[in-house]
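Work through the exercises below with the sequence and the coordinates open. Try each task before reading its solution.

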Amino acid sequence: MRVCVAASRKGGVGKTNFCVQIGVASELAGVSTAYVDLDPMAGLSKWWARRTAETPILVRPEPDLATALEVCRKLGIGLVVVDTPPAVSQLVADAVALADLVVVPCQASPDDLDGIEGTLELLSASDTKSVFVMSRVKSRAAMVVDVVTALSHHGAVCPAMLADREDYKVSKIRGLSASEFKPKGAAANDVAALWHQIAQYVGVEHGSASVDQRVGAVGPEGNASAPRSGRGAKSKDGAAGRSSGAKRAGVASRAGKGAPATGDRAVKTAGRRPARPV
Ligand SMILES: Nc1ncnc2c1ncn2[C@@H]1O[C@H](COP(=O)(O)OP(=O)(O)OP(=O)(O)O)[C@@H](O)[C@H]1O
Ligand SMILES: [Mg+2]
């Protein structure tokens, strides 16, 4: 089982959108996937509650993320996608420490660059691999290049980006991801390219071909073809399939809307180390 955490000190940069899109992309690629929502604002849980599809499942962080991950492991989950609040807190630091990969969405704006310092402190306090993902990209203008260049001094920047597209918002209202809403749309295409990258970074295989082989087709323009659905998907440590469905403790049902954890103590950032890029 692998754990991918979306984290950023700055609000509104696309953490929840990343989780929504990558969780469904992972499931569509044949990887048993679970969400965990650590944000008290519960954006991911509220979106999930609007879904009619059974998957990805939502597992409550009760009493904490470590327990939720244990539930996921027993269910045979291949990938857990964790959303976090826009904070540098013990809650987020603990999530980063439990992750195999931390994804830091970042918009192409001076404000986002200015706000990156707190996130870097969070990353440098752990050994977890991390990658910046450009989010809500409006164009490939000079500002994008400048921000990518600046970020690359701090860590790896994913070559696949999520452009600013209405489909993310429209589909979210309906409890869908962009890939479910418009499978051949531009947003779905962005997500497919991003999924190929994330699958490689986090160490998840899907279908019969290895992710490493597929990722070779993904370029900076994010124009790879969509991953096909596959059976027998597993994380590289061998978890495959799902056991007894949503009846286990901690697994959310539609009747009981997802309740995220609280706990927002200040993070300890003493002994800062550089972030560990993918
Ligand atoms: N690529 C995108 N294109 C268009 N809209 C987007 C995109 N990504 C996110 N949004 C929208 O921007 C807003 C903020 O995104 P999101 O909620 O994912 O950010 P966040 O980092 O999770 O915010 P917070 O820190 O407050 O939890 C939402 O309305 C979302 O639908
Ligand atoms: Mg959010």
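## Exercise 1: the ligand shell

The residues of the shell around ligand 1 divide into 5 nonpolar, 7 polar and 7 charged. The model is predicted.

**Task.** Find how many residues surround ligand 1, which are the closest, and which helices supply at least two residues of the shell.

**Solution.**
- Step 1. Collect the shell: 19 residues surround ligand 1.
- Step 2. Pick out the closest: Gly-11, Lys-15, Thr-16, Asn-17 and Pro-86.
- Step 3. Map the shell on the helices. H1 (15-28) and H8 (166-173) each supply at least two residues.

## Exercise 2: strand S1 and its partners

**Task.** Decide whether the residues on each face of S1 are buried or exposed, then state which strands pair with S1.

**Solution.**
- Step 1. Take S1 as residues 2-6; 5 of its 5 residues are buried.
- Step 2. Split the faces. Arg-2, Cys-4 and Ala-6 lie on one side, Val-3 and Val-5 on the other, and all are buried.
- Step 3. Look at S4 (residues 79-83). S1 and S4 pair in the parallel sense over 5 bridges. Arg-2 stands opposite Leu-79.
- Step 4. Look at S5. S1 and S5 run parallel, joined by 3 bridges. Here Val-5 stands opposite Val-102.

## Exercise 3: strand S6 and its partners

**Task.** Do the analysis for S6: state how many of its residues are buried and which residues stand opposite Val-131.

**Solution.**
- Step 1. S6 covers residues 129-134, and 6 of its 6 residues are buried.
- Step 2. One side carries Lys-129, Val-131 and Val-133. The other carries Ser-130, Phe-132 and Met-134. Both faces are covered.
- Step 3. S5 (residues 101-106) pairs with S6 in the parallel sense over 6 bridges. The bridge partner of Val-103 is Val-131.
- Step 4. S7 (residues 156-157) pairs with S6, also parallel, over 2 bridges. There Val-131 stands opposite Ala-156.

## Exercise 4: the nonpolar core

**Task.** Name the residues that touch the most other members of the largest nonpolar core, and the helix that gives the most to this core.

**Solution.**
- Step 1. The largest nonpolar core holds 83 residues. Cys-4, Val-80, Val-82 and Val-133 touch the most other members.
- Step 2. H10 (residues 186-202) gives the most to this core, with 11 residues.
- Step 3. Follow Val-82. Setting aside neighbours within four places in sequence, its contacts include Val-3, Cys-4, Val-5 and Ala-6. Val-36, Leu-38, Leu-65 and Ala-95 are also in contact with Val-82.

## Exercise 5: Val-147

**Task.** Which residues is Val-147 in contact with, leaving aside its neighbours within four places in sequence? Is Val-147 buried or exposed?

**Solution.**
- Step 1. Place Val-147 in helix H7.
- Step 2. List its contacts: Cys-106, Ala-108 and Leu-113.
- Step 3. Check one pair. Val-147 and Ala-108 are 39 residues apart in sequence, yet 5.8 Å apart in space, C-alpha to C-alpha.
- Step 4. Count C-beta atoms. Val-147 is buried because 22 others lie within 10 Å, and the cut-off is 20 or more.

## Exercise 6: backbone exceptions

Most residues other than glycine have a negative phi, and most peptide bonds are trans.

**Task.** Examine the peptide bonds before Pro-56 and Pro-63, then phi of Ala-42 and Arg-136.

**Solution.**
- Step 1. The bond from Thr-55 to Pro-56 is cis, with omega near -10°. Pro-56 sits in the loop between H2 (43-49) and S3 (57-58).
- Step 2. The bond from Glu-62 to Pro-63 is cis as well, with omega near 0°. Pro-63 belongs to the loop between S3 and H3 (65-74).
- Step 3. Ala-42 has a positive phi, near 60°. Its place is the loop between S2 (33-37) and H2. Ala-42 is partly exposed, with 19 other C-beta atoms within 10 Å.
- Step 4. Arg-136 has a positive phi near 55°, in the loop between S6 and H7 (142-152). Arg-136 counts as buried because 20 other C-beta atoms lie within 10 Å.

## Exercise 7: confidence

**Task.** State the average pLDDT of the protein chain and where pLDDT stays under 50.

**Solution.**
- Step 1. The protein chain averages a pLDDT of 81, and 75% of the residues score at least 70.
- Step 2. Residues 207-234 stay under 50; the model has 63 contacts for them beyond four places in sequence.
- Step 3. Residues 238-246 are also below 50, with 22 contacts beyond near neighbours in sequence.
- Step 4. Apply the caution: where pLDDT is low, the predicted coordinates should not be read in detail.

Technical notes. Residues are numbered from 1 along each chain as its sequence is written. Chains are lettered from A and ligands numbered from 1 in the order in which they are written. This is a predicted model: local features need pLDDT of at least 70, side-chain atom pairs count only at pLDDT 80 or more; totals for chains, interfaces and linings use all residues. A residue is near a molecule or strand if its C-beta atom, placed from the backbone, lies within 6 Å of it. Helices (H or I, at least four residues) and strands (E, at least two) are DSSP runs, numbered from the N terminus. Ala, Val, Leu, Ile, Met, Phe, Trp, Tyr, Cys and Pro count as nonpolar, Asp, Glu, Lys and Arg as charged, and the others, Gly among them, as polar. A residue is buried if 20 or more other C-beta atoms lie within 10 Å of its own, exposed if 12 or fewer, and partly exposed in between; C-beta atoms are placed from the backbone. Two strands pair if DSSP finds at least two bridges between them. pLDDT is the predictor's confidence in each residue, from 0 to 100. Two residues are in contact if their C-beta atoms, placed from the backbone, lie within 7 Å. A nonpolar core is a set of buried Ala, Val, Leu, Ile, Met, Phe, Trp, Tyr and Cys residues joined through C-beta atoms within 7 Å.
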